[in-house]
Each structure stands twice: as structure tokens, then as C-alpha cells.
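Trainee: Could you take me through one part of this structure up close? I'd like to see how a single strand sits among its surroundings.

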Amino acid sequence: MSLQQKYNDINWLTGQFRDSRREASYRDSIKLRVRHDSRLALMLVSLIFAMFAVTDYNLLGHSTDFFTLISMRAVVVSSCVVLALILGRVGNFSRKPLLHALPLWVLAAGIISIVPLRPESLYTQITAVVVAIMAFYLLIPSLLTIASWASGFLSVGFIVASVAYAEVSVPTATRLVLLLIMANIVGYCALLRLEILQRKQFSLLNEERDQNLALQREVEHRKSLEAQLRRLAERDTLTELDTRSHFIKRAEALLERALRENTAFCLLMIDVDHFKQINDTWGHTRGDEVLKQVAKTIRQSLRRVDVVGRFGGEEFIVAMPNTHHKEAVKLAQRLTANVNAIELPSPLNQVSVSITVGIAMKSNERSLDLLIQRADEMLYKGKRNGRNRVELAR
Ligand SMILES: Nc1nc2c(ncn2[C@@H]2O[C@H](COP(=O)(O)OP(=O)(O)OP(=O)(O)O)[C@@H](O)[C@H]2O)c(=O)[nH]1
């Protein structure tokens with residue numbers, strides 16, 4: 001038996017989950033309904049019990065017996081109504097089983113006590129007892145154990161009272177015992193079946209809810225993986241700038257818009273000077289530190305509208321929408337100055353970092369590939385001309 005099956009296992013005799021935590025959670029789930037239904041059923045049963053006062057009057061008239069009987073009915077009915085009201089407010093089925101049992105015992109005691117008061121109407125009372133047993137099992141929502149104890153008390157009490165006060169013969173008493181045993185068996189089996197079915201339904205609903213939850217968690221996990229993958233595809237892990245492919249996508253959109261709206265557009269290719277030397281002297285890890293600092297300086301030196309990407313290795317690329325070549329040159333010069341001013345932490349503080357920038361503008365080339373090619377040519381022109389400078393394509 002798997003753990004789940006063990007958890008959902010139901011006792012075939014009591015109709016309850018064998019696992020006490022499972023049973024408690026089931027009862028907790030039905031507490032509102034049980035409270036409401038118990039209150040309603042108790043009120044109804046009390047009303048019917050009270051209505052029998054009419055038959056009492058028909059039989060006994062204005063007699064002392066009638067007043068004794070009516071007083072007893074009033075006590076039973078008012079106790080049941082009070083208990084029904086208390087149940088409606090505080091009767092948590094799982095925590096107060098005794099409170100749920102009490103109205104049944106009061107009703108049973110009331111029914112039994114009619115026998116000594118009206119022994120002549122025993123046969124009508126037998127019918128009432130059978131109906132009451134059925135009501136205990138099927139109408140008043142309670143636990144099978146509570147219902148069966150109360151019905152047992154009613155049956156035994158009624159038989160004892162019948163023998164003691166109605167002077168029934170042995171064969172009649174035997175028939176009565178058999179009849180009440182039968183009523184109890186029918187009621188018990190019906191409620192047992194109901195309890196088991198309800199718990200099975202509860203287990204199925206819970207299983208479905210658990211599966212839905214697991215599915216929801218899986219969907220969320222996949223979504224977060226997707227977001228992670230997207231971030232990885234779009235963000236360069238070392239510099240946190242756009243990756244080359246993501247940059248191209250964004251730059252193409254910007255260029256397209258600039259062409260459509262006939263606005264200025266410039267492209268910058270940036271390369272760190274003598275970076276191989278930095279790597280060779282300080283090692284790759286420190287070289288990475290320098291790249292990170294340069295990338296951060298580039299990002300901070302530019303405007304929010306400019307799109308910056310890592311083109312590869314120690315090469316960066318910038319798309320500048322709405323930017324004329326003069327402005328682009330000014331921005332690039334500010335950039336080189338800011339990179340020159342980078343203060344690296346010890347021991348890299350002896351390294352002086354510089355970049356060379358090549359600029360191409362939309363008016364010369366109208367496709368991103370050609371703009372990149374042109375800016376690259378300007379970059380290598382800048383390298384040839386001594387590095388740490390800006391070259392603009394004319
Ligand atoms: N630390 C580090 N080094 C890198 C990375 N990508 C590329 N490089 C190194 O960058 C160096 C680029 O060297 P070169 O292309 O010869 O250029 P350079 O030394 O910068 O010389 P110029 O560009 O001519 O000024 C190579 O040594 C690459 O190994 C990286 O992600 N981290």
C-alpha cells in the first residue's frame with residue numbers, strides 16, 4: 001500500500017479515515033455544512049416532536065397526564081432548540097462531538113419517557129421510534145459513532161420502558177427487539193455507505209487539487225526557466241550589456257524607425273586598446289575585471305536611449321537613435337575620456353585603460369550590416385592612427 005493509499009484508507013466499520021490527521025482535515029472541510037444542517041434538522045425534528053402534543057390531547061384531554069406530557073415535550077423541545085442554537089454558533093463537529101451527540105440523547109430520552117406517560121399508544125410510539133432512528137442516522141448530520149450510540153440508547157431505553165411500563169408480552173417484546181435491531185442495521189449501513197462515499201469524494205477532490213497545484217508549480221517553474229533562458233540569451237553574463245544577437249535585434253528596430261521617420265542615427269564600434277597585454281600581464285580573471293569596468297563606464301557615459309551591446313571579446317557596440325554625427329563624436333569623446341579616467345582597484349591601478357571608437361552614420365549606409373562594417377573600418381583606422389581616439393566615417 002502506497003503512502004497516499006494509506007493516508008486515504010477508510011475504516012470499513014466506522015466510515016472514518018484511519019489516519020487521524022486526514023479525518024481531522026475532512027471534518028474541518030465539512031464543519032460549516034454540518035453546523036448549518038444539524039441546526040436545521042434539530043429544529044425540524046423538535047417541531048415534529050412538539051406536534052405530537054395534538055395526539056396527546058386527543059387521547060388524554062384536559063388531564064394531569066396531558067399536562068405532564070406536554071411539560072415533558074416542552075422541556076425536550078426547548079433543550080433541543082437551545083442546543084441547536086449553540087451548535088449553530090460554536091458546534092465545531094471535529095472538536096465538539098459531545099455537543100453534537102447531546103441533542104440526540106435529549107430527543108431519545110424524551111421519546112423513551114413517553115412510554116410510561118402514554119403506555120396505551122405503544123404501537124404509534126414504535127413507529128415514531130423507527131422514524132427517529134432513521135432521522136438520527138440519516139437526517140441529523142453527525143458522525144456514525146455518535147448516531148449509532150444515540151440510536152442504541154433510544155432502542156434499548158424504549159424496549160426497557162416498554163417491558164416495564166406497557167407490560168408487553170414476551171413475543172411482542174421479541175418482535176420489538178428484532179424490529180429495532182433491523183432499523184439500526186439499515187440506518188447504520190446507509191450512513192456508513194454515505195460516510196465512506198463522502199470521504200472517497202473528499203480524497204478525489206484533494207488529489208485533483210494536489211495535481212492542479214503541482215501543475216501550477218510546474219508551469220511557474222517553466223516560466224521562470226524561460227525567463228532565465230531569455231535573460232541568458234539577451235544579457236551578456238560578464239558585462240550585463242546586451243548580447244550581440246539581442247543588440248542586433250534592437251538596433252535593427254531603431255534603424256528601421258530612423259529610416260521611416262527620417263531621423264538621425266549613428267553606430268559606434270568600440271575596442272579596448274592593447275587588451276591582450278592586460279590579459280598577458282595580469283591574467284584572464286583580472287582582464288575580466290577590466291572589461292566589466294569598461295562596460296560599466298560605457299553604459300554610464302551614454303544616454304538611456306542609446307543601446308549598448310558586447311559585440312564579442314573586448315569589443316562593444318552602441319546604437320544612437322536621433323543622434324547627428326557631431327553629437328555622436330562628442331559623446332564618443334566623452335566616453336574615451338571617462339574610460340581613461342577609470343580607477344581600477346589594486347593591483348590593477350597601475351594599468352591605464354583606453355578605447356578606440358569608430359563611428360558610422362545612417363546617411364552613409366542604410367543597412368545595419370553596412371553600418372557595422374563601416375564603423376569597424378573606422379575603428380581600425382583609429383587603431384592605425386595611434387588608438388585612444390575617435391574616428392568618424394565621412
Ligand atoms: N579577460 C578576457 N579576455 C578576453 C575576453 N574576450 C577576448 N579576450 C582577449 O582580448 C584580447 C584581444 O586581443 P587583440 O585582438 O590582439 O587586441 P588588443 O590586444 O586589444 O590590441 P588592439 O585591439 O590592437 O589594441 C585577446 O587576448 C583575447 O583573448 C574575455 O571575455 N575576457
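Mentor: Sure, let's look at strand S2 and its partner, then step back to the whole chain. Keep in mind that this is a predicted model, where local features need pLDDT of at least 70, side-chain atom pairs count only at pLDDT 80 or more, and totals for chains, interfaces and linings use all residues. Numbering starts from 1 along each chain as its sequence is written.

S2 covers residues 307–312, and 5 of its 6 residues are buried, so the strand is largely enclosed by the rest of the structure. Buried here means 20 or more other C-beta atoms within 10 Å of the residue's own, with C-beta atoms placed from the backbone. Strands are DSSP runs of E, at least two residues long, and helices are runs of H or I of at least four, numbered from the N terminus.

The neighbour is S3, residues 315–321, which runs antiparallel to S2 and is joined to it by 5 bridges; pairing takes at least two DSSP bridges. One of the matched pairs is Val307 with Ala319 in S3. Between the two strands of this hairpin lie 2 residues, and Gly313 has a positive phi near 45°.

Zooming out, the protein chain has 13 helices and 5 strands, and buried residues account for 33% of its 394 residues. Of the contacts between residues at least 6 apart in sequence, 69% link residues at least 24 apart, a contact being two C-beta atoms, placed from the backbone, within 7 Å.

Methods
Buried ≥ 20, exposed ≤ 12 C-beta atoms within 10 Å, placed from the backbone.
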